[in-house]
Amino acid sequence: MAIGDVNGDGKPDIVVANSCATGDFYCTSGTLGVLLGNGDGTFQPVVIYGTGGGHPTSVVVGDLNNDGKPDIVVSNYQTSNSDYTGRIGVLLGNGDGTFQPAVTYLSGGDGNNSVAVADVNGDGRLDLLAVNQGATVGSSTGTLGVLLGNGDETFQPAIANSTTSLSADYFGQMAIADFNGDGKLDVACGASDFLLLGNGDGTFQASVSLGFDGTGIAVGDFNGDGRPDLGGVAILLNISTGFRANDTTSVVSSPNPAAYGQKVTFTATVTAQGSGNPTGTVNFMDGTTTLGMTSLTNGSANFSTAALGAGTHSITAAYSGDTNFMPSTSAVLTQSVSQAATTIALVSSANPSYLNQSVTFTGTVASQYGAAVTGNVTFKQGTTTLGSVVLTNGQAAYSTTYTTTGTRSITAIYSGDSNDVGSTSAALNQAVNALPAATATKITTSGSPTYINLPVTFTATITSTYGPIPNGDTVTFFRR
């Protein structure tokens, strides 16, 4: 029997499975009786529907196609007196308490004893689960048939998972919960007392015996330890030390977008699904590269960095979990980082300079947020390129001399790199003057001491700070 409001009037209704439409135990067609409630504990006369098979033993109510109207799912133990292939009957609701004829699906085995509805692969669509007495007639091993939902009231063919053999009373109920705390639904059955741990994709691991002999089974936290227990004639307490509650992790950033060299702060929030306060650490990742790890404080963790290169970064926050909470990873956050603006300052080692004097022009490049820069600086005189120099520690220098006077317009152009935008300096007017350069004079004699009437030659050697003295200039010798 199942209870639900199948006509949407706010009053509970009853849906009951009948083994046979008649008194013949060996009939081949079971029925469903729907009794609409009057809200005062009484019910309207029963309305009968076929189940699509014989000897139905289990019925559930749920919205299979997400149309807001309750539907009915029923298990059929056999198809005919000679065919024990289990079949699941699906009766779509019209929303007014009436139902469409049963559409049947193979249950994945023989002797379909029990049926349940749950989303076992996490795609947001309800799936069907069927416990079958045997894989085939006479088989010593039962099956759990899983029919994944398409979300449109239809279901995929049954995936059969082997179970232990079923007990003789055949009518084992199912209990569905996350029994090992891994975030994936598991299935327990009261007949033959087995448990199948879910893989989260609609498949299950090998069955494990529960040591529980019964048919009726229910799930609940009977001792208040936060773990799902199983109850029937006996109560099985969940003593798994690995049970941990689920949680979700999210991550945001500020600012987004950012520029190269700008500090970006990522904030991860871990939210418990239920009570409790998660502890542990959060690992911040850029794709597969670890950016950093920080500890949770009141469910939040922050990490800041200024080392993100220009481009698009796929950021995730991975929570480590603790003794009470499962690990979880956030959805991908797209962090955008643009190239940084730059400035270049140009200076001269001597301005004005003189003819033949060496002049060094130095360009200093600064990134918008102080990050390191790479690339080249090209020095130009007007439209003429003087030379291109690789940056070292943000600076590039170019040296030259001038042999004619005048004023030159000098600029320095930074090429930019993958993280920085190029830039051009303000023009520097380099003046070259013809003022005399500093000189030094040295005099020597051909002989000293000397004799009367003996010729003596005095030689003056003149040097200039900025090169040789032009020929034709005069030197005057004086005697004191």
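**Strand pairing and aromatic contacts**

Q: Which residue in β24 is the bridge partner of T267?
A: Strands here are DSSP runs of E with at least two residues, numbered from the N terminus. T267 belongs to strand β21, which spans residues 264–272 and is joined to β24. Across this pairing, T267 has as its bridge partner in β24 the residue N302.

Q: On what basis are the local features of this model accepted, and at what pLDDT do side-chain atom pairs count?
A: Residues are numbered from 1 along each chain as its sequence is written, and side-chain values use heavy atoms, with hydrogens and water left out. The model is predicted: totals for chains, interfaces and linings use all residues, local features need pLDDT of at least 70, and side-chain atom pairs count only at pLDDT 80 or more.

Q: How many bridges join β21 to β24?
A: Two strands pair if DSSP finds at least two bridges between them. β21 and β24 run antiparallel. The number of bridges that join them is six.

Q: Which strands lie at the edges of the open sheet that contains β21?
A: The sheet has three strands in the order β19-β21-β24, paired in the antiparallel sense. An edge strand pairs on one side only. That description applies to β19 (247–254) and β24 (300–305).

Q: Which residues of strand β27 point to the buried face?
A: Buried means under 20% relative accessible area, exposed over 50% and partly exposed in between, with a 1.4 Å probe and protein chains only. Side chains alternate along β27 (residues 333–338). T334, S336 and S338 point to one face and are not buried, while the other, buried face receives L333, Q335 and V337.

Q: Which residue of β27 stands opposite A258?
A: Strand β20 (residues 258–259) runs parallel to β27, and two bridges join them. Within this pairing, A258 stands opposite V337.

Q: Which residue of β27 is the bridge partner of S314?
A: Strand β25 (residues 311–319) runs antiparallel to β27, with five bridges between the two. The partner of S314 points to the face of β27 that is not buried. That bridge partner is T334.

Q: How many of the seven residues in strand β37 are buried?
A: β37 (residues 439–445) pairs with strand β38 (residues 458–464) in the antiparallel sense over seven bridges. In this pairing A440 stands opposite T463 of β38. Strand β37 is nevertheless hardly covered, and its count of buried residues is zero.

Q: Why is the pair of Y105 and F155 given its class, and what is that class?
A: The structure holds five aromatic pairs. Rings of Phe, Tyr and Trp (its six-membered ring) pair if their centres lie within 6.5 Å; planes under 30 degrees apart count as stacked, over 60 as edge-to-face and the rest as tilted. The centres of Y105 and F155 are 5.6 Å apart and their planes stand at 85 degrees, so the class is edge-to-face.

Q: How many residues apart in sequence are the parts tied together by Y105 and F155?
A: Both Y105 and F155 are buried. Y105 lies in strand β8, whereas F155 lies in the loop between β10 (143–147) and β11 (159–162). The pair therefore ties together parts whose separation in residues is 50.

Q: What is the relative accessibility of F379?
A: F379 and Y398 form a stacked aromatic pair, with 6.0 Å from centre to centre and 25 degrees between the planes. F379 lies in strand β31 (residues 376–381) and Y398 in strand β33 (residues 395–401), so the pair ties together parts 19 residues apart in sequence. F379 counts as buried because its relative accessibility is 0%.

Terms used:
Helices (H or I, at least four residues) and strands (E, at least two) are DSSP runs, numbered from the N terminus.
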